[in-house]
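Got the viewer open? Grab your mouse and let's take a walk through this one, one selection at a time.

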Amino acid sequence: MLSALSEMFSYAFLTRAVVVGLLVSLCAALLGVSLVLKRYSMIGDGLSHVGFGSLAIATAMHAAPLAVSIPIVILAAFLLLRISASSKIKGDAAIALLSTSSLAIGVVVISLTTGMNTDVCNYLFGSILAMNRTDVYLSVGLAVVVLALFALFYNKILAVTFDETFARATGVPAGAYNMLIAMLTALTITLGMRMMGALLISSLIVFPALTSMRLCKSFKSVTICAAVASSVCFFLGVVGSYLYATPTGASVVLVNIALFAIFWGVSMYQTRRRAAA
Amino acid sequence: MAEPLIRCRDVSFAYDGVIALRGVSFDVNAGDSLCVVGENGSGKSTLMTLLLRLKSPQSGSIEFDGALRADEVGYLPQQTAAQKDFPASVREVVLSGRLSSRQWQPFYTRADRAMAERNMDRLGILDLANRCYRELSGGQQQRALLARALCATKTLLLLDEPVAGLDPLATSDLYELIDSIRADGVTIIMVSHDVQSVIKHATSILHLRVEPLFFGGADEYAASAIGSRFLAGKEGEGHYA
């Protein structure tokens, strides 16, 4: 096992992928706690589809993928919040609208230019080979920003997540915090989606939060537990995908499912025992 | 007599051209307990939004006594479905009431924690401080939210349907708590469907049906034609049929 690990980390691209992946998982888990509780779980899914569309456009224009997709996805995140706030179109419908539109645009752009090839498949399901040096720097930067903002605004994020009306009524600029969370989510997703895949990246947002909510009883413990669970699952997923030559994104999701099942089982057991007592 | 805490003059508000409130005027003095009653869609919640300064009236004015800043108002909102299963401890929820006074400081001080502790004690939920909010009963959750509101204010408390969904015992407990909070000098404005019990706990009543139908003392309301009709549950036949 140890020799397999040291062999694995002798590949520079794998080390890069693990570094980026761990940082992205950590950020996604922190943001995910707030998103899941605010009933915005699908925002990650919607944004990753927008990411797919923008990657397709970037490929067609022969531009750097991140330079094109980061601004587009951030714009989409702002748009999603605006649409949901106006309540003419409900949040879930707005996300469905945006994600299918960008998927359609992406597919048409691809078929008109390069045609369906392995690149496209990698965008959809992820590839461990996609991470270069810039991604490592970007993800370290992102992680520092997300962690710092999360620590500084932790109490405000809790208040806005729990009760936006109360927060607004007592003078907390709730809209600004929603925007901040949406923007960081957009960044996290664009960085992570080429490794995890556009179709799978939202699992990093949803699973750790839901898993830790099975057992944890305070916001602080949910947050910490989600961050730890997310990092551990990612690491095990990558090692698993290396050992069994399975796709990275899907392997990480499988580990997340397993952990969710374990936490769920324990919480069921606890409830039953309390009911019996 | 001292200046009123809130002076509401001829206030009107419309959503997309549909009038929700028209020509509402009333005063709230320090130490009052004003109860806003009326049927669904009578503009009660709209009035609440205006009093919370989340929106401004399209005409008319709401003047607050100079000493009352927006971040000094305590608010007990109606619970959303998302809150009922929220994984936060009671202490975390109550502490979040101190946020408005934190401004840009990121962390709570010892004084904030002490205040949260005092308010939990005052509402009899100190022993629940480390319990998870979603595991509490409806009445306990309301107490936690009330403790949070008290952390935000010393002067004015706005309550939106505080007893909605509570059983009779929890309801009367909560009314007693609200009375004791008023006895400590906090002015109360409450929106409620529950006219029969509210009238025993209010000093003045504002009855809305888009326009104000009655504003005055609680005793006068019970004696008035509209008040006695509403109290007997005969107001707005369609709603009760």
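**First stop: a strand pairing in chain B**

Select β1(B) together with strand β4 (residues 59-64) of chain B: these two run antiparallel and pair over five bridges. To find one of the pairings, click on B:Arg9, whose bridge partner in β4(B) is B:Ser61. Keep in mind as you go that you're looking at a predicted model.

Now bring in β1(B)'s other neighbour. Add strand β2 (residues 18-28) of chain B to the selection; β1, which covers residues 6-15, pairs with β2 in the antiparallel sense over seven bridges. Follow the chain from β1(B) into β2(B) and you go round a hairpin, with two residues between the strands. Stop at B:Asp16 in that turn, where phi is positive, at about 45°. Then pick B:Ala14 and look across to β2(B): B:Ile19 is its bridge partner.

Stay with these strands and show side chains for B:Arg9 and B:Asp27. What do the two side chains form? They meet in a salt bridge, with N to O at 3.1 Å. B:Asp27 belongs to strand β2 of chain B and B:Arg9 to strand β1 of chain B, so to speak a link between distant parts of the chain, 18 residues apart. Side chains of opposite charge can pair when their charged atoms come close. If you want to hunt for others, the structure holds 14 salt bridges over all chains.

**Second stop: the two domains of chain B**

Zoom out and color chain B by domain. The assignment makes domain 1 out of residues 1-68 + 155-241, and domain 2 out of 81-153. The contact between them draws on 14 residues from domain 1 of chain B and ten residues from domain 2 of chain B. Measure between their C-alpha centres and you should get 25 Å.

How much area is buried between domain 1 and domain 2 of chain B? About 960 Å², with carbon and sulfur atoms giving 69% of it. Select B:Leu157, B:Leu177 and B:Ile181 next: this trio supplies 42% of what domain 1 of chain B buries against domain 2 of chain B, more than any other three residues.

For the charged side of the story, the rule finds two salt bridges across this domain interface. One to show is B:Asp184 with B:Arg122, at 2.9 Å from N to O. The count of residue pairs in polar contact between the two domains is four. On the domain 1 side, the elements giving two or more residues are β6 (156-160) and α6 (168-183) of chain B. Highlight α6(B), which gives the most, with six residues. Color that side by class and you'll find ten nonpolar, one polar and three charged residues.

**Last stop: where chain A meets chain B**

Now turn on both chains. Chain A puts 29 residues into the contact and chain B puts in 35. Together the chains bury about 2700 Å², 63% of it on carbon and sulfur atoms.

Select B:Glu135 and A:Lys217 to see a salt bridge that spans the chains, at 3.0 Å from N to O. The rule finds three salt bridges across this interface, and eleven residue pairs in polar contact.

Which elements give two or more residues to the side of chain A that touches chain B? They are α7 (133-152), α8 (154-162), α9 (164-169), α11 (202-215) and α12 (219-244) of chain A. Put α8(A) in a bright color, as the largest share of that side, seven residues, comes from there. Finish by coloring chain A's side by class: 16 nonpolar, five polar and eight charged residues.

Definitions and conventions. Residues numbered from 1 in each chain as written. Chains lettered and ligands numbered in written order. Predicted model: local features only at pLDDT ≥ 70, side-chain atom pairs only at ≥ 80, totals over all residues. Heavy atoms only, no water. Domains from an automatic or database assignment. Contact = heavy atoms within 4.5 Å. Buried area = accessible area lost by both parts, 1.4 Å probe. Salt bridge = Lys/Arg side-chain N within 4 Å of Asp/Glu carboxyl O. Polar contact = N/O pair within 3.5 Å; in protein donor to acceptor, adjacent residues only side chain to side chain. Helix = DSSP H or I, 4+ residues; strand = E, 2+ residues; numbered from the N terminus. Nonpolar A, V, L, I, M, F, W, Y, C, P; charged D, E, K, R; others polar. Pairing = 2+ DSSP bridges.
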